Amino acid sequence: MDDNHLELVHLLRAVAVEFGLRQAEFATANGMHPTDVRALVCLLDAARAAEPATAGLLGARLGLNSAGTTAVIDRLERLGHVARTRDPHDRRRVLLSVTPEAVRLGRSFFGPAIETLAGVSASLTPAEREAVRRFLTTARTAFGGA
């Protein structure tokens, strides 16, 4: 395959590397492990999708066993970034949510980059946004994402 066809793949890889570096920087600055940041992102994604966030869901998304998942949740709860609540429909089930303080902390760090990307997205035509969505969705699937 020629370099013209790989340009977007290389750009995506560069974005992934930069995002990983910023996640690690955020984690270090806030006394977290990089996995903790990924856990917060998973929980925020679940909330955005109106999906009940449980320890099982989090462990599956992060590829962690039960003990590892519990350790992440315990750390995030101690830091005040995650809250555990009983599911009102099934009191045996515990739901996880990101605290408003953790959301504020994330916005203060990642907000400028997110605003820049949202601005660029808003400037695209619907067809351009669909092409980007198709590329990123395929990339996610290619790497084993749901």
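In what pattern do helices and strands follow one another along the sequence of the protein chain? The chain reads α-α-α-α-β-β-α-α, and its secondary structure amounts to six helices and two strands. The model is a predicted one. This briefing covers the chain as a whole, its nonpolar core, and then selected residues.

**Overall dimensions, surface and charge**

- The C-alpha trace of the protein chain spans about 55 × 30 × 30 Å along its principal axes.
- Of the 146 residues in the protein chain, 23% are buried.
- The accessible surface of the chain is about 10,000 Å², and carbon and sulfur atoms account for 61% of that surface.
- The chain carries 18 positive and 16 negative charges, and the mean positions of these two sets lie 7 Å apart.
- When contacts between residues at least 6 apart in sequence are considered, 46% of them link residues at least 24 apart.

**The largest nonpolar core**

- The largest nonpolar core holds 21 residues, and the members that touch the most others are Met32, Leu43, Leu58, Leu76 and Leu96.
- At least two residues of this core come from each of helix H1 (3-29), H2, helix H3 (55-62), helix H4 (66-78), E2 and H5.
- H2 makes the greatest contribution to this core, with six residues.
- As a general background, nonpolar side chains tend to be buried together in soluble globular proteins.
- Beyond residues up to four places away in sequence, Leu58 touches Ala39, Cys42, Leu43, Thr69, Ile73 and Leu96.
- Two of these partners of Leu58, namely Leu43 and Leu96, also appear among the core residues that touch the most other members.

**Thr69 in helix H4**

- Thr69 is situated in helix H4.
- Thr69 counts as buried because its relative accessible area is 4%, which falls under the 20% limit.
- With residues up to four places away set aside, the contacts of Thr69 are Ala55, Leu58, Gly59 and Leu64.
- The C-alpha atoms of Thr69 and Leu58 are 7.1 Å apart in space, while the two residues are 11 apart in sequence.

**Thr35 in helix H2**

- Thr35 belongs to helix H2, which covers residues 34-48.
- Thr35 has a relative accessible area of 12% and is therefore buried, given the limit of 20%.
- The side chain of Thr35 forms a polar contact of 2.9 Å with the side chain of Arg38.
- Outside its neighbours within four places in sequence, Thr35 is in contact with Leu62, Leu64 and Val72.
- Leu64 is thus shared as a contact: Thr35 is in contact with it, and Thr69 touches it as well.
- Thr35 and Gln23 are separated by 12 residues in sequence and by 9.3 Å between their C-alpha atoms.

**Ala50 in the loop between H2 and H3**

- Ala50 is located in the loop that joins H2 and H3.
- Ala50 is not a glycine, yet it has a positive phi of about 55°.
- For comparison, most residues other than glycine have a negative phi.
- Ala50 is classed as exposed because its relative accessibility is 69%, over the 50% limit.

**Strand E1, strand E2 and the loop that follows**

- Ala83 lies in strand E1, residues 82-86.
- With a relative accessible area of 26%, Ala83 is partly exposed.
- Ala83 touches Leu95, Leu96, Ser97 and Thr99 when residues up to four places away are not counted.
- The C-alpha atoms of Ala83 and Ala142 are 33 Å apart, and the two residues are 59 apart along the chain.
- Thr99 sits in the loop between strand E2 (94-98) and helix H5 (100-123).
- Thr99 is buried because its relative accessibility is 14%, a value under 20%.
- Apart from neighbours within four places in sequence, Thr99 is in contact with Gly80, His81, Val82 and Ala83.
- Leu96, a contact of Ala83, is touched by Leu58 as well.

Notes. Residues are numbered from 1 along each chain as its sequence is written. This is a predicted model: local features need pLDDT of at least 70, side-chain atom pairs count only at pLDDT 80 or more; totals for chains, interfaces and linings use all residues. Side-chain values use heavy atoms; hydrogens and water are left out. Helices (H or I, at least four residues) and strands (E, at least two) are DSSP runs, numbered from the N terminus. Buried means under 20% relative accessible area, exposed over 50%, partly exposed in between (1.4 Å probe, protein chains only). A polar contact is a pair of N or O atoms within 3.5 Å; within protein, one must be able to donate a hydrogen and the other to accept it, and residues adjacent in sequence count only if both atoms are side-chain atoms. Contact means heavy atoms within 4.5 Å. Accessible areas come from the Shrake-Rupley method with a 1.4 Å probe; for residues, only the protein chains shown count as cover. Lys and Arg count as positive and Asp and Glu as negative; His and the chain ends are not counted. The place of a charge is taken as NZ of Lys, CZ of Arg, CG of Asp or CD of Glu. A nonpolar core is a set of buried Ala, Val, Leu, Ile, Met, Phe, Trp, Tyr and Cys residues joined through side-chain atoms within 4.5 Å.
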